Amino acid sequence: MANSGRLDARARGAVLDHLAGTEFDVLVIGGGVTGAGTALDAASRGLRVALVEARDLASGTSSRSSKLIHGGLRYLEQFDFKLVSEALRERDLLVSRLAPHLVKPVSFLYPLHRKVLERPYVGAGLVLYDALEGTKRPVPYHRHMTVRGALRIAPALKSSGLAGALLYYDAQTDDARYTLTVARTAAAHGAVMATRASARELLRGEDGVRVVGARVHDEESGRDIDVRARRVVVCAGVWTDLVHQAGGIKAGYRVRMSKGVHIVVPYDAIRSDTGIILRTEKSVLFIIPWGQRWIVGTTDTDWTGDRAEPTATGKDIDYILEHANRVLVRPLTRADVIGVYAGLRPLIAADENTPTTKLSREHVVDVPVPGLASIAGGKFTTYRLMARDVIDAAVADFDRWVPASVTDQLPLLGADGLAAASAEAGRLAEDYDVPCETVEHLLERYGTLAEEVLELTRTSPDLARPLAEGHPYLGAEVAYAVTHEGALHVEDVLVRRVRLFLETGEAGAEAAGPVATIMGDLLGWDSGRRAAEIGRYLELAEADTRALKELASADGPHAVMGGPAAVASGAARTG
Ligand SMILES: Cc1cc2nc3c(=O)[nH]c(=O)nc-3n(C[C@H](O)[C@H](O)[C@H](O)COP(=O)(O)OP(=O)(O)OC[C@H]3O[C@@H](n4cnc5c(N)ncnc54)[C@H](O)[C@@H]3O)c2cc1C
């Protein structure tokens, strides 16, 4: 039976005591979308589940993706039909049933530049893409467009050389919020979760072989806790090899890190009513609508540096600008860039010589020793299937029957009753004395839980005010982030819960003070702690802003994003 899935930061001490005092069926290491999905899969099969995350939920790759829930048109060229059709089925399930509040259809225009062969080639690809999805479709079929039609919906395109276009549909989501919602849904099914709690060692049973839990370090207090579990499941993304090494495990696969960079530009920099997809020499480039912004990316290069804070270089930015500008009539410049973020794909390593663009996006599950299962690879879109597969493997030799996965029938928190909640938006706006747009904004982010956020404004009307001029986020969302979404620091709120870090030119700096006040009142911070939290965030924001300014003024192609301060304080943007 589900509860309300609260991750209350004020109850963290009790959560850690619970972790120390219970033997769980499954301990999940890692709180990205794979770990959160795995916790949900296991908890909804009736297992007792714990999850530990070394930093914040979604602080790794799961907040730094292109934010597309898609089949991946480009994988058709690699003949990866299984991956594409599985991902398309997942996309449709999320859009229509499991998370319609969070996953929305988005259109992409594919401009054609060669009159003869390109249209039938890409058109055939899109026929296949649509066919792999099946006949019940929550997103429309692709369409062929003339030059005039293409320019009407995307005046930003250069007309010279344009031979027409194809319009097709995929879906998009706020990846960090999605991950958080999966984690909360797992908590609603009984999973116990702690963030800033890192698994440092694996515990072995009496035989010295079987894994029976993990020694977990509380990054906030320095306390070590032994968390005992009958199965440990590693969902640590690009950290997977490190977790295996720390536990003395020789796994059947290794992870290769591939860096992907995106830039964020203002909405008026590109005049288009649709996203745009372009072919590049090795892959594709997306121009993706993101509220009042565009996200443009991505790159695909090997990375061997810091896993926690991959940095973008001037060369990455120039690559993106150069390719986007091949089709844009008003070229983007470095001065248009208001944000940059870099993420690392946890790809399954083949041989070292294979380019990362050619590595499969399929996932691999391994059970290298009794008591331990691990998973890596895959895509955000297929996290639910990954979770199912790794739990199937983990419990294959369980001493009692474990039901099959039920997550294909399990809407995430906020999804059930969405149509009625949307229809009631006007009444909610009246009841809580807020503009209708505020209710719509909350419905898109919290679904039917929007009323829980609004309810906080009854006792504290100040919380109904926006956090930053010209942005829809409310003070109530900060309070909710603490009481329901486990936010422990100002950074957790501004980078991953409300995303002002990504969406404002000053990385949300003006909101740091108000956020610290709301959080401090709830978490009992004294003035020193409030100042420290604000200082830490401003350092992050300043380093980021400085890096962007350096970028705008640099003319060489190799300027490094983020000066030494940015690198030292780990200021690479989290998307
Ligand atoms: C640039 C880019 C664009 C992408 N675009 C898309 C897209 O549009 N669509 C799509 O479907 N996929 C996309 N992907 C892929 C997708 O983002 C990833 O497959 C997915 O987010 C990986 O999630 P994860 O949970 O496996 O890893 P992560 O999100 O990295 O989570 C791993 C977590 O484990 C934690 N951890 C590590 N070690 C420990 C430890 N010892 N103890 C506790 N916790 C630990 C980390 O802190 C981290 O939070 C993209 C990836 C990139 C890089």
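These are my notebook entries on a predicted model, taken one region at a time.

**Entry: the ligand**

I started with the ligand and looked up its surroundings. I found 37 residues around the ligand, and the closest are T34, E53, S62, L68 and T381. I then looked up which elements supply this shell. At least two residues of the shell come from each of α2 (33-43), β8 (197-204), β11 (255-266) and β16 (339-348).

Next I looked up polar contacts to oxygen atoms of the ligand. In the side chain of E53, an N or O atom is 2.6 Å from a ligand oxygen. For V33 the contact is through the backbone, with a polar atom 3.2 Å from an oxygen of the ligand. T61 also uses a backbone N or O atom, which lies 3.0 Å from a ligand oxygen. I noted the areas as well: the ligand taken alone exposes 1,000 Å², and the protein buries 95% of that.

**Entry: strand β1**

Is strand β1 enclosed or open to the outside? I checked residues 23-29, which make up β1, and six of the seven are buried, so the strand is largely enclosed by the rest of the structure.

I then looked up the partners of β1. Strand β10 (residues 224-234) runs parallel to β1 and is joined to it by six bridges. Strand β2 (residues 49-52) is also parallel to β1, with four bridges between them. I29 shows both pairings: this residue stands opposite V234 in β10, and in β2 its bridge partner is V52.

**Entry: the hairpin of β17 and β18**

I moved on to strands β17 (residues 363-369) and β18 (residues 372-377). These two run antiparallel and are joined by five bridges. One of the residues I looked up was H363, whose bridge partner in β18 is G377. Two residues lie between the strands of this hairpin, and G371 takes a positive phi near 90 degrees there.

**Entry: aromatic rings**

How many aromatic pairs are there? I counted ring centres within 6.5 Å as a pair, and the count comes to seven. I looked at Y446 and Y480 in detail. Their ring centres are 5.5 Å apart and their planes stand at 90 degrees, so this pair is edge-to-face. Y446 belongs to helix α13 (residues 436-446) and Y480 to helix α15 (residues 475-484), so the pair ties together parts that are 34 residues apart in sequence. Both Y446 and Y480 are buried.

I also found a cluster: F108, Y168 and F286 are linked by ring pairs.

**Entry: charges over rings**

I looked for charged side chains placed over rings. K67 lies over the face of W290, at 5.7 Å from the centre of the ring. R230 has its charged end over the ring of F398, and the distance to the ring centre is 4.4 Å. I noted that R230 falls within the residue range of β10 (224-234), the strand that is joined to β1.

**Entry: helix α16**

My last entry is on helix α16. Why do I call this helix largely enclosed? Seven of its eight residues, in the range 490-497, are buried, so the rest of the structure largely encloses α16. I listed the buried residues: V490, D492, V493, L494, V495, R496 and R497. The list includes charged residue types as written in the sequence, among them D492 and R496. After α16 comes R499, which has a positive phi near 65 degrees.

Technical notes. Residues are numbered from 1 along each chain as its sequence is written. This is a predicted model: local features need pLDDT of at least 70, side-chain atom pairs count only at pLDDT 80 or more; totals for chains, interfaces and linings use all residues. Side-chain values use heavy atoms; hydrogens and water are left out. Two strands pair if DSSP finds at least two bridges between them. Rings of Phe, Tyr and Trp (its six-membered ring) pair if their centres lie within 6.5 Å; planes under 30 degrees apart count as stacked, over 60 as edge-to-face and the rest as tilted. Buried means under 20% relative accessible area, exposed over 50%, partly exposed in between (1.4 Å probe, protein chains only). A charge sits over a ring if NZ of Lys or CZ of Arg is within 6 Å of the ring centre and within 35 degrees of the ring normal. A residue is near a molecule or strand if one of its heavy atoms lies within 4 Å of it. A polar contact is a pair of N or O atoms within 3.5 Å; within protein, one must be able to donate a hydrogen and the other to accept it, and residues adjacent in sequence count only if both atoms are side-chain atoms. Accessible areas come from the Shrake-Rupley method with a 1.4 Å probe; for residues, only the protein chains shown count as cover.
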